[in-house]
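Thanks for sending this one over. Here are my notes, set out point by point so you can follow along in the viewer.

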Amino acid sequence: MILRDDTRKTIKFIIWVVILAIIFYIASIFVFYKAGSNSRNNDQQIVRIANQKTPITNVQNYYHLNRGTNSYAIKGTDKKGKVYYFIYLPSSKKAYLYQSDKAVSQNKISKIFYEKHPNSNVKSINLGWYQSQPVWEVAYQNKNSKLGFTLYDFHNAKLVNEVDNL
């Protein structure tokens, strides 16, 4: 069977489209991988620092907050299962270690938040540093589909700052 010239051109076009789609797919994977490399590097750096300077041996959660001060935090346990929070401020190279029994947990913050904002949709809860103190930040979408941020004191869950309807 002899293929007509039109059929060959169509097959050639389809092959090029498939090749370009494959190249685009591989390139997009590379771009997304590179975009996340800073976050992965920061997570690795904070774990390395925590392993060197704290009793934390098992990391349970990673947090990142930038409210004027860039901060990275982890929640982890020591060999005996005791829970700690570790906050690292890369710009000043300062680090803070807190025992969980001297802090308010993420679950407790979530409950406190929902009591005052029952119709909101929480997007994330992060631990970090704000105005020289550790805080929990709740990022949410309110009932009007507007964004909001609420900061709570890490030690006693008192309201530190709130911005709504962004």
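The points below cover a sheet, a helix, a loop and one threonine.

1. Please keep in mind throughout that this is a predicted model.

2. Let's start with the open sheet, where four strands follow the order β1-β2-β3-β4 with antiparallel pairing. The edges belong to β1 (58–66) and β4 (94–99); each has a single partner strand, so one side of each has no neighbour in the sheet. From one strand to the next, the twist averages 20 degrees.

3. If you want to look at one pair in that sheet, take β1 and strand β2 (residues 70–77): they run antiparallel and are joined by eight bridges. A handy place to centre your view is tyrosine 62, which stands opposite isoleucine 74 in β2. As a general reminder, the strands of a sheet pair through backbone hydrogen bonds, in either a parallel or an antiparallel way.

4. Next comes helix α3 (residues 106–116). Which of its residues are buried? They are Ile109, Ile112 and Phe113. These residues cover an arc of only 100 degrees around the axis, and therefore lie on the same side of α3. On the other side of α3 you will find Asn107, Lys111 and Glu115, which are exposed. The cover over the buried residues of α3 includes β5, β6 and β7.

5. The loop between β5 (121–130) and β6 (133–141) deserves a look at its backbone angles. Glutamine 131 is in this loop, and its phi is near 50 degrees, a positive value in a residue other than glycine. Serine 132 is found in the loop between β5 and β6 too, with a positive phi of about 65 degrees although it is not a glycine. For context, most residues other than glycine have a negative phi. Are these two loop residues buried or exposed? Glutamine 131 is exposed, because its relative accessible area is 58%, above the 50% cut-off. Serine 132 counts as exposed as well, at 65% relative accessibility.

6. Finally, have a look at threonine 150 in strand β7 (residues 147–153). Threonine 150 has 0% relative accessibility and so counts as buried. What does its side chain make a polar contact with? The partner is the side chain of glutamate 162, at 2.9 Å. Leaving aside neighbours within four places in sequence, the contacts of threonine 150 include Phe113, His117, Trp136, Tyr140 and Leu159. Phe113 takes us back to point 4, being one of the buried residues of α3.

Notes: Residues are numbered from 1 along each chain as its sequence is written. This is a predicted model: local features need pLDDT of at least 70, side-chain atom pairs count only at pLDDT 80 or more; totals for chains, interfaces and linings use all residues. Side-chain values use heavy atoms; hydrogens and water are left out. Helices (H or I, at least four residues) and strands (E, at least two) are DSSP runs, numbered from the N terminus. Buried means under 20% relative accessible area, exposed over 50%, partly exposed in between (1.4 Å probe, protein chains only). A polar contact is a pair of N or O atoms within 3.5 Å; within protein, one must be able to donate a hydrogen and the other to accept it, and residues adjacent in sequence count only if both atoms are side-chain atoms. Contact means heavy atoms within 4.5 Å. Two strands pair if DSSP finds at least two bridges between them. Axes are lines fitted to C-alpha atoms, for helices over the stretch in contact, and angles run from 0 to 180 degrees between N-to-C directions. The arc is that of the directions from the helix axis to the C-beta atoms.
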